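Trainee: I have a new structure to look at, and I would like to learn how to read it. Could we go through it together?

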Amino acid sequence: MAARSACVWAGLVFEQVGGFFKSGHTNNWAVLVCTSRFWFNYRHIANTLSVYRSVKRLGIPDSQIILMLADDMACNPRNPRPATVFNNANQHINVYGDNVEVDYRGYEVTVENFIRVLTGRLPPSTPRSKRLLTDDRSNVLVYMTGHGGEGFLKFQDAEEISNVELADAFQQMWQKNRYHELLFMIDTCQAVSMYHKFYSPNVIGIGSAQVGEDSLSHHVDPSIGVYIIDRYTYYLLEFLETVTPDSKKTLADLFRVCPKRVCVSTPGVRTDLFTRDPNSVLITDFFGSVRNVEITRQTVTLQRNDTAQTCR
């Protein structure tokens, strides 16, 4: 009778826990990639650092963020404000911050290293900080920005990654149990072409421009003489600034952050590979790392573990 009661109690606890963690994931990771170098591509660095600042603010620690920056605008001799990167001409937010941890910088940002990070095929000597240590309960945000065209994204004007290579990398991740759900977001010209070849389960794709469209920059900072952020990421950050760790905003809200009247280009979304309804998926399932905690006033009686006494 006691054993049966224990089984019933365990079943009830399992059911409660299952409902509590209804999103199905237990940890969050982010891979944020800027593929452009040179001063005139300042905005691409600002794009990536804007997303980096947001996911850190919402709870994803640096140990679970892979940040890849092809250039260092904060230390560029043309920067009149050293050690800062702003995404607004009024200098409202220094997205470089005080504690940026760049995992891959400069010429380390290559197609090979990016795919190796995703698939886990890294040399044994690679430090833990440069590894994407995800599992089958990890929700992964992959954000990319740079110069691209139909079906490709350039890396430092020297090489490119195709949409087929990217799709195959995500499939390897799925086969190796390296993600639970994956949100792919890209801000570049003809961005939606980069998710056209996806075929892996539980993947959402978001692009800033349709095939045949350019993804445009937002505004110039006269003091540095270059555009400082792209339109899509500008409005994405504006939206994320309103999100808090306990926010109830969903992916459906995210899909509407940059309508064509402000983006000029036409953002696109692909959800056919995703099993959940975007209207019920919280933003923090990908952009945050919220640990569910339930406070109860009920007293829980635990059985005494006499293993130590038995050993004695």
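Trainee: Let's start with a pair of strands. Which residue in β7 is the bridge partner of K154?

Mentor: In general, strands of a sheet pair through backbone hydrogen bonds, either parallel or antiparallel. Here K154 has E160 as its bridge partner in β7. Please keep in mind that this is a predicted model.

Trainee: In which sense do β6 and β7 run, and how many bridges join them?

Mentor: β6 (residues 152-155) and β7 (residues 159-162) run antiparallel, with 4 bridges joining them. The two strands form a hairpin with 3 residues between them. In that turn, Q156 has a positive phi of about 55°.

Trainee: Do K154 and Q156 turn up elsewhere? I mean, what lines the largest cavity?

Mentor: K154 and Q156 are both in that lining, together with T35, S36, R37, F38, N41, H147 and D157. The volume of this cavity is about 50 Å³. Sorted by class, its lining has 5 polar, 3 charged and 1 nonpolar residues.

Trainee: How many cavities of 30 Å³ or more does the whole structure have?

Mentor: The search finds 2. The second largest has a volume of about 40 Å³, and its lining includes I45, L49, M73, Y96 and R105. By class, that lining has 8 nonpolar and 3 charged residues, with no polar ones.

Trainee: Now the main sheet, please. In what order do the strands of the open sheet come?

Mentor: The 7 strands follow the order β3-β2-β1-β4-β8-β9-β12, and their pairing is mixed. β3 (104-105) and β12 (268-270) are the edge strands, each with a single partner strand, so one side of each has no neighbour in the sheet.

Trainee: What does β1 pair with on the β4 side, and how many bridges are there?

Mentor: β1 runs parallel to β4 (residues 138-145), and 8 bridges join the two. As one example, N28 stands opposite N139 in β4. β1 also runs parallel to β2 (residues 65-69), with 5 bridges between them. There, V31 has I66 as its bridge partner.

Trainee: Are the residues of β1 buried or exposed?

Mentor: In β1 (residues 27-34), 8 of the 8 residues are buried, so the strand is largely enclosed by the rest of the structure.

Trainee: How should I picture its two faces?

Mentor: In a regular strand the side chains alternate between the two faces of the sheet. In β1, N27, W29, V31 and V33 are on one side, while N28, A30, L32 and C34 are on the other, and all are buried.

Trainee: Further along the sheet, how do β8 and β9 pair?

Mentor: β8 (residues 181-187) and β9 (residues 203-207) pair in the parallel sense over 5 bridges. I186 stands opposite G207 in β9.

Trainee: Let's try a helix. Which residues of α3 are buried?

Mentor: The general idea is that an α-helix has 3.6 residues a turn, so residues three or four places apart point the same way. In α3 (residues 111-119), the buried residues are V111, F114, V117, L118 and T119. G120 follows the helix and has a positive phi, near 80°.

Trainee: And how many helices and strands does the chain have?

Mentor: The chain has 9 helices and 12 strands. Of its 312 residues, 52% count as buried. Among contacts in the chain with a separation of 6 or more, 73% are between residues 24 or more positions apart.

Key:
Residues are numbered from 1 along each chain as its sequence is written. This is a predicted model: local features need pLDDT of at least 70, side-chain atom pairs count only at pLDDT 80 or more; totals for chains, interfaces and linings use all residues. Side-chain values use heavy atoms; hydrogens and water are left out. Buried means under 20% relative accessible area, exposed over 50%, partly exposed in between (1.4 Å probe, protein chains only). Contact means heavy atoms within 4.5 Å. On a 1 Å grid over the protein atoms alone, a cavity is a set of points where a 1.4 Å probe fits but cannot get out, and a pocket is an open set with protein on both sides within 12 Å along at least five of seven lines; lining residues have an atom within 4 Å of a point. Grid points are joined across faces, edges and corners, and a volume is the space filled by probe spheres set on the points. Ala, Val, Leu, Ile, Met, Phe, Trp, Tyr, Cys and Pro count as nonpolar, Asp, Glu, Lys and Arg as charged, and the others, Gly among them, as polar. Two strands pair if DSSP finds at least two bridges between them.
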